[in-house]
Amino acid sequence: MMKVNQKKQSPIYVVVALVLVGIIFLVTRTESTIVVREDYIKISGFYGREIQGEEINSVSLEETIPKIVRRTNGIGLGSIQKGNFRLENIEKAKLYLHSKEGPYILIDTNKEVLIINYRDSEKTKGVYEEILSVLNQ
C-alpha cells in the first residue's frame with residue numbers, strides 16, 4: 001500500500017487559506033459605491049443591492065443608529081459591518097458601515113432599512129445630499 005506524503009500537501013492548504021483570508025479582508029475593507037439615478041439607487045460591493053425609487057419611504061441622515069442586536073448574514077470586523085442585521089426596533093436591516101461614528105444615511109424601504117456610512121464623514125454627507133437632490137426632482 002502506498003502512503004501519501006501529507007507533509008508536502010499541508011503548505012498548499014496554508015497558502016490557500018491565507019489567500020482566502022486576504023481576499024475576504026480586501027473585499028470587506030472596500031467601501032461600497034453608491035450610484036444614484038432618478039428611478040433607483042444602486043449599492044455595489046459586498047451585499048450590494050438596487051433599490052427602486054418607488055420602494056423608498058424615506059431617506060434621513062442620522063448621528064446614531066439603533067443598537068445592533070444580531071448579525072443574521074454578514075460580516076462584522078471591528079468598525080466594518082456589512083450584510084443583514086437585526087437592530088433594536090428594526091427587524092430587517094442591511095448595513096454598509098465603515099465607521100462606528102456618524103453620520104449614517106438611513107434609507108427606509110418597503111422591504112428593509114438600509115444604513116450606510118463611510119470612514120470619511122464628509123463623503124457620507126455628500127452621498128446623502130446626492131440622494132436627496134435626485135429623489136426630490
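**Notes on this predicted model**

1. Let's start with the outside. The chain exposes about 8,700 Å², and carbon and sulfur atoms supply 54% of that. Keep in mind as you read that this is a predicted model. Of the chain's 137 residues, 34% count as buried.

2. Now the overall layout. You should be able to pick out two helices and nine strands. Walking along from the N terminus, the elements go α-β-β-β-β-β-β-β-β-β-α. Looking at contacts in the chain with a separation of 6 or more, 44% come from residues 24 or more positions apart.

3. Find helix α1, residues 6–29, and look for Leu20 in it. Together with Ile12 and Val16, Leu20 makes a nonpolar surface patch of about 280 Å². Is Leu20 buried or exposed? The answer sits in between: its relative accessibility is 49%, and exposed means over 50%, so Leu20 counts as partly exposed.

4. There is a charged patch to look at too. Glu38, Asp39, Glu50 and Glu54 form a negative patch on the surface. Glu38 belongs to the loop between β1 (34–36) and β2 (40–43). With 65% relative accessibility, Glu38 counts as exposed.

5. Stay with Glu38 for a moment and find Ser133, which is in helix α2. Along the chain these two are 95 residues apart, yet their C-alpha atoms are separated by 9.5 Å. Ser133 is partly exposed, at a relative accessible area of 44%.

6. Next, the salt bridges. Side chains of opposite charge can pair when their charged atoms come close. How many salt bridges does the count give here? It comes to seven.

7. Glu31 is a good one to click on. Its side chain meets that of Arg119 in a salt bridge, at 3.8 Å from N to O. Glu31 lies in the loop between α1 and β1, while Arg119 lies in the loop between β9 (113–116) and α2, so this pair ties together parts that are 88 residues apart in sequence. Glu31 counts as buried at 18% relative accessibility, whereas Arg119 counts as partly exposed at 41%.

8. Glu31 has another partner: Lys123, with the two side chains meeting in a salt bridge at 3.3 Å, N to O. Since Lys123 lies in helix α2 and Glu31 in the loop between α1 and β1, the pair ties together parts that are 92 residues apart in sequence. Lys123 itself is partly exposed, with a relative accessible area of 37%.

9. For a pair with an exposed member, try Arg86 and Glu91. Their side chains meet in a salt bridge with an N to O distance of 2.9 Å. Arg86 is partly exposed, with 23% relative accessible area, and Glu91 counts as exposed at 54% relative accessibility. Elsewhere, Arg49, Glu55, Lys111 and Glu112 are joined into one network by salt bridges that share partners.

10. Back in helix α2, residues 121–135, have a look at Thr124. Is Thr124 buried or exposed? Thr124 has a relative accessible area of 0%, so it is buried. Which residues touch Thr124, once neighbours within four places in sequence are set aside? The contacts are Leu61, Pro103, Tyr104, Ile105, Ile116, Asn117 and Tyr118.

11. Last stop: Ser58, in strand β4 (residues 56–62). Apart from neighbours within four places in sequence, Ser58 is in contact with Leu106, Ile107 and Asp108. Take Leu106 from that list: it is 48 residues from Ser58 along the chain, and the C-alpha atoms of the two are separated by 8.1 Å. As for cover, Ser58 is partly exposed, with a relative accessible area of 35%.

Note on methods
Residues numbered from 1 in each chain as written. Predicted model: local features only at pLDDT ≥ 70, side-chain atom pairs only at ≥ 80, totals over all residues. Heavy atoms only, no water. Patch = residues over 30% accessible without salt bridge, like charges linked within 9 Å, V, L, I, M, F, W, Y side chains within 5 Å. Areas by Shrake-Rupley, 256 points an atom, 1.4 Å probe, with all protein chains shown as cover. Salt bridge = Lys/Arg side-chain N within 4 Å of Asp/Glu carboxyl O. Lys, Arg positive; Asp, Glu negative; His and termini not counted. Charge placed at Lys NZ, Arg CZ, Asp CG, Glu CD. Helix = DSSP H or I, 4+ residues; strand = E, 2+ residues; numbered from the N terminus. Buried < 20%, exposed > 50% of the residue type's maximum accessible area, 1.4 Å probe, protein only. Contact = heavy atoms within 4.5 Å.
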